[in-house]
Amino acid sequence: MSTDHQKYSTENQKDAIAAYAARHDLTIVRTYADEGRSGLRIEGRDALKQLIDDVRNRRINFSVVLVYDGGRFSDADESAYYEYTCKEAGIKVQYCAEQFENDRSLSSTIIKSMKRAMAGEYSRELPAKVFAGQCRLIGLGFRQGGTPDMGSGGN
């Protein structure tokens, strides 16, 4: 789940995954979704932790894991590790919004590695870009943040 672009909203991801499953004659038997959580790391991603635990302990009734795209993690090694964990259990990982098949070919391996690295770089750069944008808006006289609490003040 990413909060910075609507195209990454949970509902849009679910729709893309469902369309991919239909095109590939796959039935979705279980969904692991961390609503409102970033894909930067596993902390706070209980559904992802559950998926990995289910895979490791063979509590599964599926042979394919459908993932929206290859940039769901900012750490390329972590992403590769989770995919390898699935591979060890005989589970194939497919990326539904990518222009390549995850078929272990040289080209898909290179593209997947590049996308993982790009996601990491984007995640590292984003806080500085957001901060710079907020500073610019403040400099232009716009207030940043939520609506101030105008509570009763104890009256």
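**Exercise 1. Classify the residues that line the largest pocket, then place the pocket among the elements.**

Step 1. By class, the lining has 22 nonpolar, eight polar and eight charged residues. Here Ala, Val, Leu, Ile, Met, Phe, Trp, Tyr, Cys and Pro count as nonpolar, Asp, Glu, Lys and Arg as charged, and the others, Gly among them, as polar.

Step 2. The structure is a predicted model, in which local features need pLDDT of at least 70, side-chain atom pairs count only at pLDDT 80 or more, and totals for chains, interfaces and linings use all residues. Residues are numbered from 1 along each chain as its sequence is written, and side-chain values use heavy atoms, with hydrogens and water left out.

Step 3. The volume of the largest pocket is about 910 Å³. A pocket is an open set of points on a 1 Å grid over the protein atoms alone, where a 1.4 Å probe fits, with protein on both sides within 12 Å along at least five of seven lines; lining residues have an atom within 4 Å of a point. Points are joined across faces, edges and corners, and the volume is the space filled by probe spheres set on them.

Step 4. The pocket is lined by 38 residues, and I17, Y32, V65, L66 and V67 are the closest to its centre. Two or more lining residues come from each of helix 1 (10–23), helix 2, strand 1 (64–67), helix 3 and strand 2. Helices (H or I, at least four residues) and strands (E, at least two) are DSSP runs, numbered from the N terminus.

**Exercise 2. Describe the largest nonpolar core and the elements that give residues to it.**

Step 1. A nonpolar core is a set of buried Ala, Val, Leu, Ile, Met, Phe, Trp, Tyr and Cys residues joined through side-chain atoms within 4.5 Å. Buried means under 20% relative accessible area, exposed over 50%, and partly exposed in between (1.4 Å probe, protein chains only).

Step 2. The largest core has 14 residues, and L48, L51, V55, V65, C86 and I91 have the most contacts inside it. Helix 2 (46–56), helix 3 (76–88) and strand 2 (92–95) each give two or more residues. Helix 2 supplies the largest share, four residues.

Step 3. Another core, of six residues, lies apart from this one and includes I17, Y20, A21 and Y68.

**Exercise 3. Find which face of helix 2 is buried and what it packs against.**

Step 1. The buried residues of helix 2 are A47, L48, L51, I52, D54 and V55. Viewed down the helix axis they fall within an arc of 160 degrees, so they line one face of helix 2. The arc is that of the directions from the helix axis to the C-beta atoms.

Step 2. These buried residues pack against strand 1 and helix 3, where contact means heavy atoms within 4.5 Å.

**Exercise 4. Compare the settings of A89, R58 and D25.**

Step 1. A89 sits in the loop between helix 3 and strand 2 and is buried, at 17% relative accessible area. Leaving aside neighbours within four places in sequence, A89 is in contact with V55 and R58.

Step 2. R58 belongs to the loop between helix 2 and strand 1 and is exposed, at 52% relative accessibility. Although not a glycine, R58 has a positive phi of about 55 degrees.

Step 3. D25, in the loop between helix 1 and helix 2, is exposed with a relative accessible area of 72%. D25 also has a positive phi of about 55 degrees and is not a glycine.
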